[in-house]
Amino acid sequence: MFPPKTAGRDPRLFLIPIRVFLATVLATLLAFAVSLLLGILGIVIASHVRGTPADLSFAYRYIAAPIAAIVGAIVMILALALEIRHYRQSKALTQIERMS
């Protein structure tokens with residue numbers, strides 16, 4: 001009559017830092033790559049318009065690295081908050097499931 005109950009897996013607290021770290025690293029690398037591409041394109045266009053040689057180290061130091069650091073910090077804070085919220089919800093749902 002009723003489907004068999006499946007045992008829910010307990011949420012694991014030690015997996016939170018691993019998921020937060022992976023999300024932070026991936027988002028930081030993506031932000032660095034995109035901002036570096038846009039920075040290089042902007043510097044090349046600006047140097048072509050001005051008629052001066054392009055100094056592409058400017059794109060690394062002053063554009064891509066700061067943007068990647070800011071995005072990494074924001075992603076780490078948001079991922080940590082979301083993972084903790086998800087852990088608490090899973091823990092509460094597991095306890096409710098055990099009670100019924």
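Helices, meaning DSSP runs of H or I with at least four residues, and strands, meaning E runs of at least two, are numbered here from the N terminus. With that settled, Leu-13 sits in the segment before helix 1. Before I go on, this is a predicted model, in which local features need pLDDT of at least 70 and side-chain atom pairs count only at pLDDT 80 or more, while totals for chains, interfaces and linings use all residues. Residues are numbered from 1 along each chain as its sequence is written, and side-chain values use heavy atoms, with hydrogens and water left out.

Let me stay with Leu-13. I will call a residue buried under 20% relative accessible area, exposed over 50%, and partly exposed in between, with a 1.4 Å probe and protein chains only. Leu-13 is exposed, because its relative accessible area is 52%. Its C-alpha lies 9.9 Å from that of Lys-91, although 78 residues separate the two in sequence.

Next, the salt bridges. A salt bridge here is a side-chain nitrogen of Lys or Arg within 4 Å of a carboxyl oxygen of Asp or Glu. How many does a search of the whole structure find? The search gives 2.

One of them joins the side chains of Asp-10 and Arg-98, with 2.3 Å from N to O. Asp-10 belongs to the segment before helix 1 and Arg-98 to helix 2, so this pair ties together parts that are 88 residues apart in sequence. Asp-10 has a relative accessible area of 39% and is therefore partly exposed. Arg-98, at 57%, counts as exposed.

Another is formed by Arg-19 and Glu-83, whose closest N and O atoms are 2.8 Å apart. Here Arg-19 is in helix 1 and Glu-83 in helix 2, so the pair ties together parts that are 64 residues apart in sequence. Is Glu-83 buried or exposed? Glu-83 is buried, because its relative accessible area is 18%. Arg-19 is partly exposed at 35%.

Asp-10 and Arg-19 also appear in the next item, the largest pocket, as two of its lining residues. The terms first. The search runs on a 1 Å grid over the protein atoms alone: a cavity is a set of points where a 1.4 Å probe fits but cannot get out, a pocket is an open set with protein on both sides within 12 Å along at least five of seven lines, and lining residues have an atom within 4 Å of a point. Grid points are joined across faces, edges and corners, and a volume is the space filled by probe spheres set on the points.

By that method the largest pocket comes out at about 160 Å³. Its lining is made of Arg-9, Asp-10, Pro-11, Arg-12, Leu-15, Ile-16, Arg-19, His-86, Tyr-87 and Ser-90. Helix 1, residues 16–50, and helix 2, residues 57–99, each supply at least two of the lining residues. Which element gives the largest share? That is helix 2, with 3 residues. By type, the lining divides into 4 nonpolar, 2 polar and 4 charged residues. For that split, Ala, Val, Leu, Ile, Met, Phe, Trp, Tyr, Cys and Pro are nonpolar, Asp, Glu, Lys and Arg are charged, and the others, Gly among them, are polar.

Now along helix 1. Ala-23 is in this helix and is partly exposed at 33%. Its C-alpha is 7.6 Å from that of Met-76, which is 53 residues away along the chain. Contact, from here on, means heavy atoms within 4.5 Å. Beyond four places in sequence, Ala-23 is in contact with Val-75 and Ala-79.

Ser-35 is also in helix 1, and at 7% relative accessibility Ser-35 counts as buried. A polar atom of its side chain lies 2.8 Å from the backbone oxygen of Ala-31. Which residues does Ser-35 contact, leaving aside neighbours within four places in sequence? They are Ile-63, Ala-64 and Ile-67.

Ser-47 is another helix 1 residue, buried at 10%. Not counting residues up to four places away, Ser-47 touches Thr-52, Pro-53 and Ala-54.

Ala-54 is in the loop between helix 1 and helix 2 and is partly exposed at 39%. On the same sequence cut-off, Ala-54 touches Ile-43 and Ser-47. The C-alpha atoms of Ala-54 and Ile-40 are 9.0 Å apart, with the two residues 14 apart along the chain.

Last, Tyr-62, which is in helix 2. Tyr-62 is exposed, because its relative accessible area is 53%. From Tyr-62 to Gly-39 the C-alpha distance is 9.1 Å, across 23 residues of sequence.

Methods
A polar contact is a pair of N or O atoms within 3.5 Å; within protein, one must be able to donate a hydrogen and the other to accept it, and residues adjacent in sequence count only if both atoms are side-chain atoms.
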